[in-house]
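Student: Let us go through this model together. I will ask, and you reason from the coordinates.

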Amino acid sequence: MMQHPSALLPSRDLIQITSLALRTSSLEQDLWQRPSKAQPLFVSLWIHTDVQDEASTDSLLGSSLNYGTVTKAIEKAVAELAPLPPSPSSSDELDLDLDSSGGHPLEAIAELLAKVVLFRSNAPCVRLELTRPRALLTAESFGVDIFRTRADYTAPADTDPSASIEALTLDPSSLNLAHDKLFVRGLRRFILIGINPYERLEEQEVIVDLDFLANQEVAMVAHRLTNGARCEWRAWRQVVKKVEEPLTIEHITTSLAQLIVTPPTCSTTSLPLSWNVPRTSVRVSKPSALMFAKYPSVQVTRDRKDFFDANGALRASSARGLATDAWSAGTSATAESSSSQSTAATEIVEEGGGPHRVVLGVGTNMGQKVHNISEALKELGVIGSQSGHKTRVVGTSFLYESEAMYVEEQAKFLNAAVEIETTLEPLPLLHALKSVEDRLGRQKTIRNGPRIIDLDVLFYDDLVIDSRQTTTDVVTPEDRWWLQIPHASIAEREFVLRPLVDLNPHFRHPKLGQTTSGLLSALSIGPSTLKRVMPLSASLAPTLPLRRTLVMSIINTTPDSFSDGGDNVDLEASVATALGHLAAGADILDIGGMSTRPGAADVTPDEEEARVVPLIKALRERGVTNPISIDTFRPSVAKAAVIAGADIINDVMGGASEGMLEVMAAADVPVVLMHSRGTPATMSKMTDYEAGDVVAGVRRELAQRIQEALDAGVKRWNIIVDPGIGFAKTGADNLALLRRLPEVLGRQEVGNSPEYDDDDSTFLRQFPSLVGLSRKRFIGTLTGKDVAKDRVLGTAAGVTASIAGGAEIVRVHDVEAMVDVAKVADGIYRI
């Protein structure tokens, strides 16, 4: 490893200034969104020089280089630092993590101060560390560390460098640039980490320190943006969000290092193309690990070549790194098989065989459970589609929370059943599943103990096999796995049978001869402890039935919405409204950028996106963790919103727009499928239902829409239904839907409405529901309130009816009032 250039200097003396406190209001906006107030800045300096003259005379001459003159020069330069106004982005900056608030980036200020020390204080060289404390919500500081000499800069002819340091330009070929560093210190996260069983039950604090280093083998030509920022460092905020939940700090340090050095040419990276950090150091500390020490730490330093080959492809031995792209078929780069055994296994397939229908049992009780299952299915799509094979998910159950069996003192499990279509034969498929578990970090602890992911083959077509009784050339002698199909424990586990019934209640167990629904009925378990989960976001995944109705707040960023048009056009006003709604008790924020009222004017997708994406980003940057929903029927807007941080897609057209169902499936987020017909311009003319029965019509069309979503790859556990009050309905239709909401949702008492005890009813009653009727025209007609904002009491009556009818979520404008209404209605109806 090359030494730092300061270690090679002949000077024997050192002037050091540690943590000189400065203040300026000219910095880039931090995550606290404080652009106009003076912010703290700390600078530390190391100047190699010779102090013999000052020591001999025991005085500081007027031209002396000393800590006092250096301090004054730095303080003066920072005090004179003018605010940097926002400037239009160049074509090089379009994919960067830049805000539009203006301000000087830290590396530009560090460069300025280096020139001040060198040319105004006459230092021969300087190492300078500039730090911003608390600029991140959960980190102590971030900063830059640079080393400069006078030779690193050039000045125009006939220019006095000390008089006009602005005219000095940095030589991009200077070898000292290779030692520049951006760092993050004291990033604190609470995650599940550790190999001991009880460490999987409660989150522990880890402290992460990150160094973004340059290439030490060749000098890096540092590309500067219009505001002086280093182009290759601009996405560092995205990196600090990637702390996962592994078993060991050794794993997390190496995984973060892999993410940081991912080359811009890597096909699976989610970082901007400008990101280019070829070398990094990562240190992770675990304060709770040792009783008689402050804490242990693990630090790794890695180069790009440690993980990637010369073409930017991930090496096979590095396949267990962090996910790099949530939109790809899998989240880790496809790697070559790590053993000849698995390679041989995955290449064996019967001549002309497949595809086969396979049902998997999936479970997890560690970390972010919904995320674990989602990532496992993506990884299976990658691993199961190597060597010419094809593997894809074709069906999913709902998600269920269950108590641990056998080893009971551990966290609850999240379970599901997943139907896949694959050309892999049984044993190669088993190898693929074990590879997925390995990539997600599963490690053996105790039998039936905690696990980050568990993938079991439940059924494989109608096959009955036991690999211990079968001779095959596929499995090598050292193979440690065996496979029994159907899975031996299906009939005794409710957390397996209930998801299987979701997929197909009529599937017959090929060995026991009973259907999955029959096996579930025969299981003598007493009252069920299984609870269905509605995964709205990482911060909100309630179990059903709800004991408390969830309130979705409406934030329209449009100038023409029927009720609040123009109230939230300005970004700061929108943020203030959203934060106010959360303070008033809203659970979910629903952000829309185009009015969908009947007859509303159309806007372009680009304009709609420009209205909603900045608000979503601003809310996430301010620390909002509540679920955010994007109210749109346009695929491009939905995708952009999810990338920006939205958790839910709320589509008033129920996925009818071309490409929307595919975006919903790829995004893998909860979706609201609302019943509607036509477009906002035509829906008021499409209110005729067969036999005049709006309830039967809505039920039938909603069921059809859900099936189309499932067929497109939207996961069953991600679907929420909305009867679409006010969309392609008359006022009388709206009242009929509210009056008979249990029938609309398939939740009427069986036998009380025989005409509705049909397949649609059985199908629909499985899905959670949302009702949005806030301030709508039919309420104004009934109450005589022409102004939408005056319809609060009428809305309250509608919200009460919705909760009585079974709605899990109500979508409202008047959050504070409707939260109270929901509390009272819950007390009456949710017992």
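Student: What percentage of the 831 residues in the chain is buried?

Tutor: First, the ground rules: this is a predicted model, where local features need pLDDT of at least 70, side-chain atom pairs count only at pLDDT 80 or more, and totals for chains, interfaces and linings use all residues. Residues are numbered from 1 along each chain as its sequence is written, and side-chain values use heavy atoms, leaving out hydrogens and water. Buried means under 20% relative accessible area, exposed over 50%, and partly exposed in between (1.4 Å probe, protein chains only). Of the 831 residues in the chain, the buried share is 55%.

Student: Why does the largest nonpolar core lie between two domains, and which are they?

Tutor: A nonpolar core is a set of buried Ala, Val, Leu, Ile, Met, Phe, Trp, Tyr and Cys residues joined through side-chain atoms within 4.5 Å. The largest has 97 residues, and L500, L619, I649, I706 and I719 touch the most other members. Both domains give residues to this core, so it lies between them. Their bounds come from an automatic or database domain assignment: domain 3 (356–470 + 478–533) and domain 4 (546–749 + 760–830).

Student: Which helix gives the largest share of this core?

Tutor: Helices (H or I, at least four residues) and strands (E, at least two) are DSSP runs, numbered from the N terminus. The largest share is 8 residues. They come from residues 694–711, helix α15.

Student: Which residues does L500 contact, leaving aside neighbours within four places in sequence?

Tutor: Contact means heavy atoms within 4.5 Å. L500 is one of the core members that touch the most others. With those neighbours left aside, its partners are V359, A417, L458, F459, I490, P505 and T516.

Student: Is D466 buried or exposed?

Tutor: D466 sits in strand β16 (residues 465–466). Beyond its neighbours within four places in sequence, D466 contacts W482, L483 and Q484. Its relative accessible area is 11%, so D466 is buried.

Student: What is the phi of A728?

Tutor: Most residues other than glycine have a negative phi. A728 lies in the loop between β25 (719–722) and α16 (731–739). A728 is buried, at 2% relative accessible area. Although A728 is not a glycine, its phi is positive, about 60°.

Student: What is omega for the peptide bond from I485 to P486?

Tutor: Most peptide bonds are trans. P486 is placed in the loop between β17 (484–485) and α9 (494–503). The bond from I485 to P486 is cis, with omega near -5°.
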